[in-house]
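Work through the following exercises with the structure open beside you. Try each task on your own before you read its solution.

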Amino acid sequence: MAKNTLDFSSLGEEFFSPITTQPLNNTFLIHKNQALYDQLGLDFDEKTLLKIASGEQKFEGTQPIASIYAGHQFGHFVPQLGDGRSCLIGQVSGYELSLKGAGTTPYSRGADGRAVLRSSIREYLCSIAMKGLNIATTEALTLVSSDTEVYRENIEPGSIVMRVAPSHVRFGHFELFASRGQTAQVKQLADFVIEHYYPYCQGESRYVDFFNEVVKHTAVMIARWQAQGFSHGVMNTDNMSILGLTIDYGPFGFLETYNPKFVCNHSDHEGRYAFEQQPGIALWNLARLGDSLESLIDAKQSKAVLDNYQAYLVKAYSKLMRQKFGFIKKDDQDNVLIGQFFEVLYQNQKDYTNSLRQLSDIDQLSKDTDFTDWIELYHKRIDQDKSSDRVELMNSVNPKYILRNYLAEEAIREAQDQKRYDKIATLFELLRKPFDEHQGLELYTNEAPDWAQGLSVSCSS
Ligand code: AMP
Ligand code: MG
């Protein structure tokens with residue numbers, strides 16, 4: 001009989017189904033996140049690790065489970081979703097381990113329970129990129145591929161990413177029980193999340209405090225997305241983590257040419273999840289979570305908590321943006337100057353990341369005539385601060401390397417066409433430390449080449 005060492009399992013079987021993983025053929029390990037592996041205190045031999053990472057062997061005898069949830073997808077409520085292709089396989093050092101792509105579950109809704117190599121590489125690399133950028137995220141421990149053929153628009157190799165996070169609970173878990181009127185389960189889930197992840201929320205106001213914490217964590221996550229130019233692509237409530245982690249990497253994209261209306265998801269025709277919409281959408285999603293908690297929190301208090309969102313967001317965003325521009329002392333005109341900089345980027349179709357990184361090298365930036373007028377104002381402004389560690393501060397928040405879509409695509413094509421995986425390893429190292437110079441690898445800061453201009457990413461994964 002398999003053990004049940006997952007905290008989540010203590011919730012009882014209304015919250016999940018035990019499942020049997022369906023392994024792939026001829027699996028092989030493409031990459032492992034060694035630092036995370038060490039942090040978790042894992043020490044398997046290679047064969048055992050591969051078996052666990054591909055769902056062939058249980059983790060410490062633990063019974064894998066798939067959880068049930070609901071969610072608002074593109075604004076519309078879907079009464080039942082769930083882990084359709086992922087499952088929790090174990091827990092270690094306070095982190096849940098989850099496999100994505102290990103086969104069907106009772107929540108697969110007719111789909112195949114698989115993940116393809118293309119999307120698994122993207123999730124694996126973006127997880128480390130976000131971690132490197134200090135943005136809260138689920139992490140990825142292993143990337144496994146196989147000879148199993150998976151049918152999407154093309155036939156693609158079936159792959160599995162092992163995700164790692166303290167919890168994979170989503171807003172949608174609460175929405176499921178609330179929508180069914182199962183208020184006892186809503187309370188049970190809230191108590192569980194508070195006990196394990198927000199233990200400092202105690203006493204009579206604990207549900208209000210808990211909701212406020214979720215609002216705060218989400219606001220900080222979104223502030224960092226916006227500052228670093230990350231666009232999630234599918235901000236449905238089932239893709240929103242109760243811990244404020246970035247979760248479910250699908251058709252995400254980083255801003256390259258600056259455009260606040262950037263839509264990374266080719267299937268998002270209305271631009272619901274456009275880059276500039278993300279802060280508002282996150283608040284809308286939090287309001288749906290608030291609705292689900294109405295049996296625990298009265299409407300007035302719930303509204304008051306939601307009203308805090310804006311202040312949390314602005315505080316975190318301003319702090320990061322000020323660092324990115326190297327502003328030390330406060331000046332009333334700082335926001336105007338920042339706005340003017342973005343206007344130059346927009347008018348001249350400039351690269352978001354590279355332009356910000358160049359700000360610490362004014363001599364270099366001065367050579368760019370697009371910035372001539374703005375640089376004069378900026379020069380005056382930073383002279384006010386007279387700070388000696390300005391450049392260091394700026395380079396610690398303005399990444400040199402981001403996961404450009406074409407870079408991911410190059411790594412994917414090499415993997416698919418030549419079964420070569422060195423680009424994945426190189427990108428992993430760059431993105432793990434995106435603020436470092438990595439001399440000799442400047443090539444990876446290049447803007448998208450012509451062949452990549454029309455690349456599109458859809459929900460198909
Ligand atoms: P996503 O938009 O990727 O977050 O997926 C939305 C829902 O569809 C989730 O419940 C997923 O588990 C499920 N899902 C997506 N792709 C598959 C698949 N290939 N097989 C089974 N379920 C899937
Ligand atoms: Mg999802």
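**Exercise 1. Decide whether Cys 459 is buried, partly exposed or exposed, and whether its sulfur is bonded to another cysteine.**

Solution. The model you are looking at is a predicted one. Begin with the accessibility: Cys 459 has a relative accessibility of 35%, and since buried means under 20% and exposed means over 50%, with partly exposed in between, Cys 459 counts as partly exposed. Next, look for a partner: the closest cysteine sulfur to that of Cys 459 belongs to Cys 264, at 9.3 Å, which is too far for a bond. The cut-off for a disulfide is a pair of cysteine sulfur atoms within 2.5 Å.

**Exercise 2. How many disulfides does the rule give, and where does Cys 126 stand?**

Solution. A disulfide is a covalent bond between the sulfur atoms of two cysteines. By the distance rule, the count is zero. Cys 126 takes part in no disulfide, and the cysteine sulfur nearest to its own, in Cys 264, lies 9.8 Å away. As for accessibility, Cys 126 has a relative value of 0%, and therefore counts as buried.

**Exercise 3. Find out what radius of gyration the chain has, and how this agrees with the value for a compact globule.**

Solution. The first step is the expected value: for 461 residues, a compact globule would have a radius of gyration near 23 Å. The second step is the comparison, and the chain has 23 Å, which agrees. To add to this picture, the C-alpha atoms fill a box of roughly 70 × 60 × 40 Å along the principal axes, and 56% of the 461 residues count as buried. The secondary structure comes to 16 helices and 12 strands. Finally, consider the contacts between residues at least 6 apart in sequence, of which 72% join residues at least 24 apart.

**Exercise 4. Describe the surface and the charges of the chain.**

Solution. Start with the area: the accessible surface is about 19,700 Å², and carbon and sulfur atoms account for 47% of this surface. Then turn to the charged side chains, where 46 are positive and 60 are negative, with the centres of the two sets 2 Å apart.

**Exercise 5. Which residues of α16 are buried, and what do they pack against?**

Solution. The buried residues of α16 are Lys 423, Ile 424, Leu 427, Phe 428, Leu 430 and Leu 431. Together, these buried residues pack against β2 (28-32), α3 (117-132), β9 (139-151) and α15. Now take Phe 428 by itself: its relative accessible area is 3%, so Phe 428 is buried. When residues up to four places away in sequence are not counted, Phe 428 touches His 31, Asn 33, Tyr 124, Leu 125 and Ile 128. As a last step, compare sequence with space: Phe 428 and Phe 28 are 400 residues apart in sequence, while their C-alpha atoms are 18 Å apart.

**Exercise 6. Locate Lys 419 and His 438, and say what is notable about the sign of phi in each.**

Solution. Lys 419 is found in the loop between α15 (405-418) and α16 (422-432), and His 438 lies in the segment after α16. Most residues other than glycine have a negative phi. Against that background, phi of Lys 419 is near 50°, a positive value in a residue other than glycine, and phi of His 438 is likewise positive, near 50°.

**Exercise 7. For His 173, Val 208 and Asn 395, give the helix, the burial and the contacts, leaving aside neighbours within four places in sequence.**

Solution. Take the residues in turn.

- His 173 lies in helix α4 (residues 171-179) and, at 1% relative accessibility, counts as buried. Phe 8, Ser 67, Ile 68, Tyr 69, His 168 and Leu 189 are the residues that His 173 touches.
- Val 208 is part of helix α6 (residues 206-228) and is buried, with a relative accessible area of 16%. The contacts of Val 208 are Ile 297, Gln 301 and Val 305. Val 208 and Gly 250 are 42 residues apart in sequence, yet 32 Å apart in space, C-alpha to C-alpha.
- Asn 395 belongs to helix α14 (residues 390-395) and is buried, with a relative accessible area of 18%. Asn 395 is in contact with Arg 357, Ser 360 and Phe 435.

Conventions:
Residues are numbered from 1 along each chain as its sequence is written. Chains are lettered from A and ligands numbered from 1 in the order in which they are written. This is a predicted model: local features need pLDDT of at least 70, side-chain atom pairs count only at pLDDT 80 or more; totals for chains, interfaces and linings use all residues. Side-chain values use heavy atoms; hydrogens and water are left out. Helices (H or I, at least four residues) and strands (E, at least two) are DSSP runs, numbered from the N terminus. The radius of gyration is taken over C-alpha atoms; the globule rule is 2.2 Å times the number of residues to the power 0.38. Buried means under 20% relative accessible area, exposed over 50%, partly exposed in between (1.4 Å probe, protein chains only). Contact means heavy atoms within 4.5 Å. Accessible areas come from the Shrake-Rupley method with a 1.4 Å probe; for residues, only the protein chains shown count as cover. Lys and Arg count as positive and Asp and Glu as negative; His and the chain ends are not counted. The place of a charge is taken as NZ of Lys, CZ of Arg, CG of Asp or CD of Glu.
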